[in-house]
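Student: Could we go through this structure together? I keep meeting labels and I'd like to know what stands behind them.
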Amino acid sequence: MSLTVTVLGATGSIGRSTTDLLTQHAGRFRVGALVGGKDAAALAKLALEMRPDFAALADESAGPALAEALSGSGIPNGAGESAVLEAVAREADIVVAAVSGAAGLKPTHAALRLGRTIALANKESLVCAGDAFMRDAARYGATILPVDSEHNALAQAMGDGRVSDIAKMTLTASGGPFRTWTRERIAAASPAEAAAHPTWSMGMKINIDSASLMNKGLELIEARHLFAIEAARLDVIVHPQSIVHGLIAWRDGAVTAGLAMPDMRVPIAHCLGLGDRLEIARGRPLDLATTGSLTFEPADEARFPCLRVARAALTEGGAAPTVMNAANEIAVAAFIRGAIPFYGIAELVERACERFATVHTRAPEDVEEALAIDAEVRAWSLEAVPQARAAG
C-alpha cells in the first residue's frame, strides 16, 4: 500500500529534492497535494509530472496563471491562504513542510493539528513558536521528523540514547562563502557574494543566512525544541567539508556522529522511509579515503555576529527567538535590495531584540500570537532599516 505525501514548498530546493525521491519510488508513494509560493509555471509543470490530487499557490494573484496552465489536466487547483489550507487538509500520511520563513508557520501547524507525520524543513516553525508547536504535536498525536541535515544526523546519531546522557550536542556549519574572509572584506560583501554558498544549493535568503551564520543560530533554537535539550548543551563547530553533520558527545566520553555526502535527499529519504532505508539514484556514496581529511574550527562570532545574537536569543528564550527571526527576515531582504550592508543585518536584528526585550517576554502561547509578534517586529524593523545603513 502506497503512502500519500503532501509537499509544502514544492518548487523550492527541498521540494525539488523531495519530488525527485517521490518519482524514484513511485510505487511506494503517491502525491496528495503540491503547494508552491508564487511561481505558477513551475508548480504547474511539477503538477503535470506528479499528478497530485490538488495544487495550490500561496500567492493569490498567481491563481489565474496556475488555473490556465492546468486547464484541461483535471488537477484541482487554487491560490491564496484558503487554498493552501485546503491542500493541507487533504488526506496525507506525510506532510513535507518546506515553506521558507515565517510564512510556513500556519500551514505547518494546520498539518500538525491533523495529527500528521511532518517532515519538518521549516525551522522557523520551531524558532517562532517552538513551545506551542511541540506542545500541540503531543496534544494532537503528530510526529515531527527533522529534515535539516544537521538535526536529522543528530536524530540518527542518538539512536535509542537518552537526552539526559548527552554531555554536548554539536551542529556543524560549512562556514559559508566568508569563512576565510577578513571582517573588512565581509563588511563590503555584495548580495551575490553572500549567496554563493560553497556546498549547498539553497534559496537566496537561506544562502545569506548561511553566510552570516544566522542559519546556524536558527538551527540551535530548532534543536532546543526538537530534542528538549537546554542551550548550555548545544554548540556549533565549523566543518568546511560538510561531511559530518552533527555530533553527540555522551557523558561517558563516547561520541557518535552522523556523516553523509552533502545531499539533502539523504535526510529527506530518511524521513520518507519511516524506518526503512530508501535507495537514492544518482547519489554519491561517501568515500572517506577519497575525501582525505575532515577539518574543524571554532565559529568566529566576532566576524559572524549573527551567531552571537542568535545564541543570546536562545539563552533568553521567551519571545526573543520570535523577535529575532522577524527582524532577520526584514534585514536580509534589505541587504538583498542594497538598502543595508552585510553587517547591517546583525546590527538591525540586535537592535530589534533590545527594543522588544521588555515588550514581549514570554513565549507565544500559540501560532496566532507568534504571527502577531512577527508582524509587529517586521513593521518596526522596516522603519529601522535606514539606521542600519552605516553598520560595518
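Student: What makes strand β10 "mostly covered"?

Tutor: Buried means under 20% relative accessible area, exposed means over 50%, and partly exposed is in between (1.4 Å probe, protein chains only). In β10, residues 244–250, 5 of the 7 residues are buried, so "mostly covered" is a fair label. Keep in mind that this is a predicted model, where local features need pLDDT of at least 70, side-chain atom pairs count only at pLDDT 80 or more, and totals for chains, interfaces and linings use all residues. Residues are numbered from 1 along each chain as its sequence is written, and side-chain values use heavy atoms, with hydrogens and water left out.

Student: And what makes β10 a strand at all?

Tutor: Strands are DSSP runs of E with at least two residues, helices are runs of H or I with at least four, and both are numbered from the N terminus.

Student: How do you know that β10 pairs with β8 and with β11?

Tutor: Two strands pair if DSSP finds at least two bridges between them. β8 (residues 166–173) and β10 are joined by 5 bridges, and β10 and β11 (residues 255–259) also by 5, so both pairs pass. Each of these pairs runs antiparallel. You can look for Met169 opposite Ile248 in β10, and for Val244 opposite Leu259 in β11. β10 and β11 also form a hairpin with 4 residues between them, and Gly253 in the turn has a positive phi of about 100°.

Student: Why are β11 and β12 called edge strands?

Tutor: The open sheet has 5 strands in the order β11-β10-β8-β9-β12, with mixed pairing. β11 and β12 (297–298) each have a single partner strand, so one side of each is left without a neighbour in the sheet. For β12, the partner is β9 (residues 234–238), antiparallel over 2 bridges, and Ile237 has Pro298 as its bridge partner.

Student: What about the sheet with the order β4-β3-β2-β1-β5-β6-β7?

Tutor: That open sheet has 7 strands and parallel pairing. Its edge strands are β4 (77–79) and β7 (143–146), each pairing on one side only. Inside the order, β5 (residues 94–97) and β6 (residues 117–120) pair in the parallel sense over 4 bridges, with Val96 bridged to Ala119 in β6.

Student: How do you know that there are 0 disulfides?

Tutor: A disulfide is a pair of cysteine sulfur atoms within 2.5 Å. For Cys128, the closest cysteine sulfur is in Cys353, 12 Å away, so it is too far for a bond. Cys353 is in no disulfide either: its nearest cysteine sulfur, that of Cys306, is 10.0 Å away.

Student: Are those two cysteines, Cys128 and Cys353, buried or exposed?

Tutor: Cys128 has 2% relative accessibility and Cys353 has 18%, so both count as buried.

Student: Why is Asp160 called exposed, and Leu288 partly exposed?

Tutor: Asp160, in the loop between α7 (149–158) and β8, has 81% relative accessibility, so it counts as exposed. Leu288, in helix α13 (residues 288–291), has a relative accessible area of 45%, so it is partly exposed.
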